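Let's sit down with a model and practise reading pockets and cysteines. Have a look first, then we'll talk it through.

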Amino acid sequence: MTAADGDHGPVSEITEQHDVAVIGTGFSGLGVAIELKRSGIEDFVVLERADAVGGTWRDNVYPGCAVDVPSVLYSYSYFPGDWSRLFATQLELRAYTESVVEAFELRSHVRLNSEVVGGEFDETTHRWAVRLADGRVISARAVVMGYFSLHVPFVPDSPGRDVFSGIQMHSGSWDLGFDPKGKRIAVVGSGASAVQIVPALAREGAHVVSFQRSPAWVLPRGDRAIPGPVRTLLRKFPPARLALRGMVFSLLESVHLAEFHPRLLPVFEQICLRALRKQVPDPRTREALRPDYRFGCKRPMVSDEYYAAFARDDVDLVTEKIVELTPAGVRTADGVVHEVDAIVWATGYHVQDSIPRFPDFRTPAFSLRDSYERNGFAAYRGIAFAGLPNLFCVTGPNTALPHTSQFQAIEPTTRLVARTIAHMRDRAVTRYAPTEAAQRRFVAHCRRVLADRVWTIGGCTSYFVSATGDNTLTWPGGTRSVRRDRRHIRPEDWERRSAG
């Protein structure tokens, strides 16, 4: 398909004009807004489809929802959070998002209830016309997508989904009016959200039936409350906070070393297996929960409660494949119908096939979806796309850091994106796009570096790796290499023009 084949009609009358339109009020979008202000760019708008800011930590409200990296590393380095626990809860994280908006005076730039449905680039004026669901059109010189890989919920197309008589919900769209007490609830999946949901539902009085396609490596979390005097010390004595961040940073970087050097993986595998042996007394259940692939091949989980949940009488583990849903519940390949009152799809998000589900941004000759069809899930340095000028993203292809806080990539990347837009302004460049050659070099580098790492050779099927066997999600190095890369705009990699 070419851009000309799309079904978009003519652009409506412009509603607002700005230098930059940022999409999304999660930590990526807000980080871009902060860096734009720091670069002296005040004429920008932040478009949010919901009625409140917050991104991930607004949308995910399932029981037990919390961050899965230590809180001290899960914030902007220049605006630390005052966390009550080692692993902050969803409520604290959402409150932190609101505090960012207030502290950096972003409220006047935010437009709530402003869902972006697409955009067209004018090759004469070199401006984007960003179309919103309600018919408004925002004109902007540059557009930054503050969303990407974990944005579109995935629910398996199981036969019978339309005949099940109970409640169904994805973990990312939890019904806050749902009372789990006394109900028999199926949780489908064994990833990050399932690891939190299963024990939380059991604590709330539900009988949980956990449907596991493949088991997860689960590291002990060691979560606990942070005493008041310690919080005061971290808040009022920055060297103490920096020392703690440094310690946690180094600990998590050791996981990265194991991902890139498989001889170190047994260290982490034994930590997980020790927790499994300690918390699950039944040998058959332990064996079913033991992964048959290497640690790190899928994103490792952290929990103090997940393994222990399967020692409870009110938590069942089912490893048979789901073949269909019935009015009463879930039928598995062994013919058993597991009767349940509700089904929670803790099945993650579209990743490798997410771009076709995004709003499409297009020039007269090319589009974001064309880029996907031609190149797959790929971008220049994970921040821009050849053929699509003045369009940027923060957590694009090959930007994930599975071993640590994604803030470690978000912060330097938002700075790079803002500096690139400021670079355009300072040089009166109105059309800026990475060259196809530069994008091919970056993608080839990622493929080469990641070809023999644990995500590819670890014996699992994960969202990191595409159907062609390429790791299109992970950054090809550690956290320090992200920081080094993001220091440089590299103008030689870009095609530039000026309108007029």
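**Pocket and cysteines**

A: Keep in mind that this is a predicted model. For a pocket, start with the elements that supply its wall: helix 5 (228–236), helix 6 (238–260), helix 7 (265–279) and strand 12 each give at least two residues to the lining of the second largest pocket.

Q: Which helix gives the largest share of that lining?
A: Helix 6, with eight residues.

Q: What volume does the second largest pocket have, and which residues are closest to its centre?
A: About 870 Å³. Its lining runs to 42 residues, and V69, P70, F87, V248 and L252 are the closest to the centre.

Q: How does the lining split by class?
A: You get 26 nonpolar residues, 10 charged and six polar.

Q: On to the cysteines. How many disulfides are there?
A: Look for two cysteine sulfurs within 2.5 Å. Here the count is one: C297 is joined to C460, with S to S at 2.0 Å. The link is left-handed, at -90° about the S-S bond. It ties together distant parts of the chain, 163 residues apart: C297 sits in the loop between helix 8 (283–289) and strand 12 (301–302), and C460 in the loop between helix 13 (454–457) and helix 14 (479–485).

Q: Are C297 and C460 buried or exposed?
A: Both are buried.

Q: Why does C446 have no bond?
A: Because its closest cysteine sulfur, in C393, is 13 Å away, too far for a bond. C446 is buried too, at 0% relative accessibility.

Technical notes
Residues are numbered from 1 along each chain as its sequence is written. This is a predicted model: local features need pLDDT of at least 70, side-chain atom pairs count only at pLDDT 80 or more; totals for chains, interfaces and linings use all residues. Side-chain values use heavy atoms; hydrogens and water are left out. Helices (H or I, at least four residues) and strands (E, at least two) are DSSP runs, numbered from the N terminus. Buried means under 20% relative accessible area, exposed over 50%, partly exposed in between (1.4 Å probe, protein chains only). On a 1 Å grid over the protein atoms alone, a cavity is a set of points where a 1.4 Å probe fits but cannot get out, and a pocket is an open set with protein on both sides within 12 Å along at least five of seven lines; lining residues have an atom within 4 Å of a point. Grid points are joined across faces, edges and corners, and a volume is the space filled by probe spheres set on the points. Ala, Val, Leu, Ile, Met, Phe, Trp, Tyr, Cys and Pro count as nonpolar, Asp, Glu, Lys and Arg as charged, and the others, Gly among them, as polar.
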